[in-house]
Amino acid sequence: MATVRLTVAQALVRFLANQYSERDGAERRLVTGCFGIFGHGNVAGVGQALLQAQATGSDDLPYYLARNEQGMVHAAVGYSRMLNRLQMMACTASIGPGSSNMLTGAALATINRIPVLLLASDIFATRVGSPVLQELEDPGGYDVSVNDAFRPLSRFFDRVWRPEQLPAAMLGAMRVLTDPAETGAVTLALPQDVQAEAHDWPEELFARRVWHIPRPVPEPAALARAAEVLRTARQPLIVAGGGVIYAEATDSLRRFGEATGIPVCDTQAGKGSLLWDHPLAVGGVGATGSQAANALAREADVVLGVGTRYSDFTTASRTAFQNPDVRFVNVNVTPLDAAKHSGTMLVADARTALDALTDALAGYHVDDAYTDRHRRLTADWNEIVDRAYHVGHQPLPAQTELLGALNEGIGARDVVVQAAGSMPGDLQMLWRPRDVKGYHVEYGYSCMGYEIAGALGIKMAAPDREVFSLVGDGSYLMMAQEIVTAVSEHIKLVVVIVQNHGFASIGELSEKLGSQRFGTYYRYRNEETGRLDGDKLPIDLAANAESLGAHVIRVKTIDEFREALGQAKASDHTTAIHIETDPLGPVPSSGGWWDVPVSGVSRLESTQHARSAYEAAKARQRAFLTPGP
Ligand SMILES: Cc1ncc(C[n+]2csc(CCOP(=O)(O)OP(=O)(O)O)c2C)c(N)n1
Ligand SMILES: [Mg+2]
């Protein structure tokens, strides 16, 4: 058997360079690059291997230096999500804090079902010099390290104690990364001594390998059951989730909708499945949905969920669907999701399932009265959105106007990025998607700090699109550092810094729940009240962005903002636009609810009031236990 002598890290890099994915006949490199931050855990192992690949001209795995390990995982997630999970990035981090900084990113990737390969460096396998710098030293077992914290957050985890274990670990990692039902964070823990250890590898380990990303077809009996339920529907509603987009099933969804007349609402990850001006599009559903979708959801007798996890925001914490006889049909590659709400399970790829359902439902169509109803609801809702886009709030603009100006001011293919705060809700409610990949809100983990770092990966995946990262002051202060990476890599982002001096979102929530916006302002501590509700702080996030290398435009009004958008688009340099908005500005009501428990006993009147409202809303929560056919 022919062998080749390489270190473990060199073998890993060469292997990754030879992995391809295939779907619908198109093949692409699977792992296209490696983000990293070096420390003693990886500088001489994976770092040396990446250098050697570059220095010898093979450029097997281009290296991108990030500024924070959590940020680089966000960037990798943005990249992979933008490419519908067909291509991805690896991330290499040093041992101890370098790797544990990736834990948040791992959870984010797994919850959103987005593939990323995490190369977490680990303590010496030989343990000769233990304890090494940053070693945990668990008294109950010396093989436990900080990296064991990745286990529950990863869909596949393996630690390569010996070079001989590497081939199986790498093959297992690729299998999970390319399986749409299983995918998420995949972690290979690489002891720092093992990374540098030389070994004779069989040559075929490095052969070109193609991972076929499946489109599982629905089982005929399951298809018949799903069609049987759908045929009885008089007021059906489709909930389109991220799976529709990842499976590139949007044309199939549109055809299915047009053939059956069933209106389509969307989730955060599914927004863009049907463009906003399609006659069947009724907007977002749930806690931050449109009034149109929520009115239809309340009455729906059959809900067809496609590629959705049914998160609490989507279901308004199980209060969105109030028809006593409502039944669910769930198309999903993941049985976990297909089974939710006692649904009739159609475990399959979204595209193949929708095409099969279109055939199976031939002749079925909702009646005209239902069509009239959802069109009227949507027309009314569109007027509300128009007004929110142009409220003319004074003296500071309302956030809804800012989103409106952005929606109207950017190109149809441009991308808006957000993750946490008050903007995801306002976006879900008000954004009008004009392209299937134009709306990118990370709302599985809703992680403050995803906005700029994620945008970096998105732009790397789609260099031909403008990428607009909308970031609140809170999120900006948590994680702005990848602006530096964007600048150094000549990757152009437009960062819109939305300054409202604190947490508008949690402030509003706090007030609603009787907690009086406690601890949600970024203000001086007030001598009189003892609370953080004094004067505004003299912070200047625009100057901060400028100091990181961005060009900066400061605006005060929506008209100035529109003008700044034009300048930012014309520039080829990363540009930050800074605007202050009113955290108390008006937002239309979704009519949806979100379950956040209020104290069961309290000496504050505000909390007691909130508790009564909470109990009333809680009474509407449904369990959905009725079995399907
Ligand atoms: C990492 C992280 N920590 C805490 C939270 C809880 N949280 C959600 S929104 C929010 C405030 C966000 O503030 P900002 O970015 O200024 O947005 P705004 O609410 O003002 O729109 C907090 C603390 C979170 N989602 N992520
Ligand atoms: Mg804020």
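# Cavities, metal and rings

Tutor: The largest cavity has a volume of about 470 Å³. The model is predicted. Keep that in mind throughout.

Student: How many cavities of 30 Å³ or more does the structure hold?

Tutor: Seven.

Student: What makes a space a cavity and not a pocket?

Tutor: In a cavity a 1.4 Å probe fits but cannot get out, whereas a pocket is an open set of points. Rolling a probe the size of a water molecule over the atoms shows where empty space is left.

Student: Which residues are closest to the centre of the largest cavity?

Tutor: Gly 242, Gly 243, Gly 307, Thr 308 and Arg 309. The lining has 35 residues in total. Each of them counts as lining because it has an atom within 4 Å of a cavity point.

Student: Which helices each supply at least two residues of that lining?

Tutor: Helix 9 (242-246) and helix 12 (312-315). Helix 9 gives the most, with three residues.

Student: How does the lining of the largest cavity divide by class?

Tutor: Into 14 nonpolar, 15 polar and six charged residues. Gly counts as polar, so Gly 242, Gly 243 and Gly 307 belong to the polar class. Arg counts as charged, so Arg 309 goes there.

Student: What is the volume of the second largest cavity?

Tutor: About 150 Å³. Its lining has 15 residues, and Trp 276, Val 282, Gly 283, Asn 382 and Trp 431 lie nearest the centre. Strand 14 (281-284), helix 15 (368-389) and helix 17 (423-430) give two or more residues each. Helix 15 gives the most, with four. By class, the lining has nine nonpolar, three polar and three charged residues.

Student: And the open spaces: how much space lies in the second largest pocket?

Tutor: About 230 Å³. Among the lining residues are Pro 395, His 501, Arg 554 and Glu 580. Strand 22 (551-555) and strand 23 (575-580) each supply at least two residues. Strand 23 has the largest share, three residues. The classes are six nonpolar, three polar and three charged.

Student: Now the metal. Why are atoms of Asp 473, Asn 500 and Gly 502 called donors of the magnesium ion (ligand 2)?

Tutor: The cut-off is 2.8 Å for an N, O or S atom. Asp 473 (OD), Asn 500 (OD1) and Gly 502 (O) coordinate the ion at 2.0 Å, so they qualify as donors. Water is not among the atoms, so the site may look incomplete.

Student: What spacing do these donors follow along the chain?

Tutor: D-x26-N-x1-G. Asp 473 lies in helix 19 (residues 473-478), and Gly 502 in the loop between strand 21 (494-499) and helix 21 (504-512), so the pair ties together parts that are 29 residues apart in sequence.

Student: Are Asp 473 and Gly 502 buried or exposed?

Tutor: Buried means under 20% relative accessible area. Asp 473 is at 1%, so it is buried. Gly 502 is at 7%, so the verdict is buried there too.

Student: What is Val 217, then: buried or exposed?

Tutor: Its relative accessible area is 61%, and the cut-off for exposed is over 50%, so Val 217 is exposed. It sits in the loop between strand 11 (209-212) and helix 8 (220-231). Its C-alpha atom is 8.0 Å from that of Val 347, which is 130 residues away along the chain.

Student: Why is Tyr 310 with Phe 328 called an edge-to-face aromatic pair?

Tutor: The centres are 5.8 Å apart, and the limit for a pair is 6.5 Å, so the rings pair. The planes stand at 85°, and over 60 degrees counts as edge-to-face, so the name follows. Tyr 310 lies in the loop between strand 15 (302-306) and helix 12, and Phe 328 in strand 16 (residues 327-332), so the pair ties together parts 18 residues apart in sequence. Both residues are buried.

Student: What makes Phe 321 and Phe 328 edge-to-face?

Tutor: Their ring centres are 5.4 Å apart and their planes at 85°, so this pair is edge-to-face. Both are buried. Tyr 310, Phe 321, Phe 328 and Phe 624 form one aromatic cluster. The structure holds ten aromatic pairs.

Student: How do you know that Lys 271 lies over the face of Tyr 439?

Tutor: Its distance to the ring centre is 5.7 Å, and the limit is 6 Å, so the distance test is met. The charged end of Arg 523 sits over the ring of Tyr 521, 5.5 Å from the centre, so that distance is also within 6 Å.

Key
Residues are numbered from 1 along each chain as its sequence is written. Chains are lettered from A and ligands numbered from 1 in the order in which they are written. This is a predicted model: local features need pLDDT of at least 70, side-chain atom pairs count only at pLDDT 80 or more; totals for chains, interfaces and linings use all residues. Side-chain values use heavy atoms; hydrogens and water are left out. Donors are N, O and S atoms within 2.8 Å of the metal (3.2 Å for Na, K and Ca); water is not among the atoms, so sites may look incomplete. Buried means under 20% relative accessible area, exposed over 50%, partly exposed in between (1.4 Å probe, protein chains only). On a 1 Å grid over the protein atoms alone, a cavity is a set of points where a 1.4 Å probe fits but cannot get out, and a pocket is an open set with protein on both sides within 12 Å along at least five of seven lines; lining residues have an atom within 4 Å of a point. Grid points are joined across faces, edges and corners, and a volume is the space filled by probe spheres set on the points. Rings of Phe, Tyr and Trp (its six-membered ring) pair if their centres lie within 6.5 Å; planes under 30 degrees apart count as stacked, over 60 as edge-to-face and the rest as tilted. A charge sits over a ring if NZ of Lys or CZ of Arg is within 6 Å of the ring centre and within 35 degrees of the ring normal.
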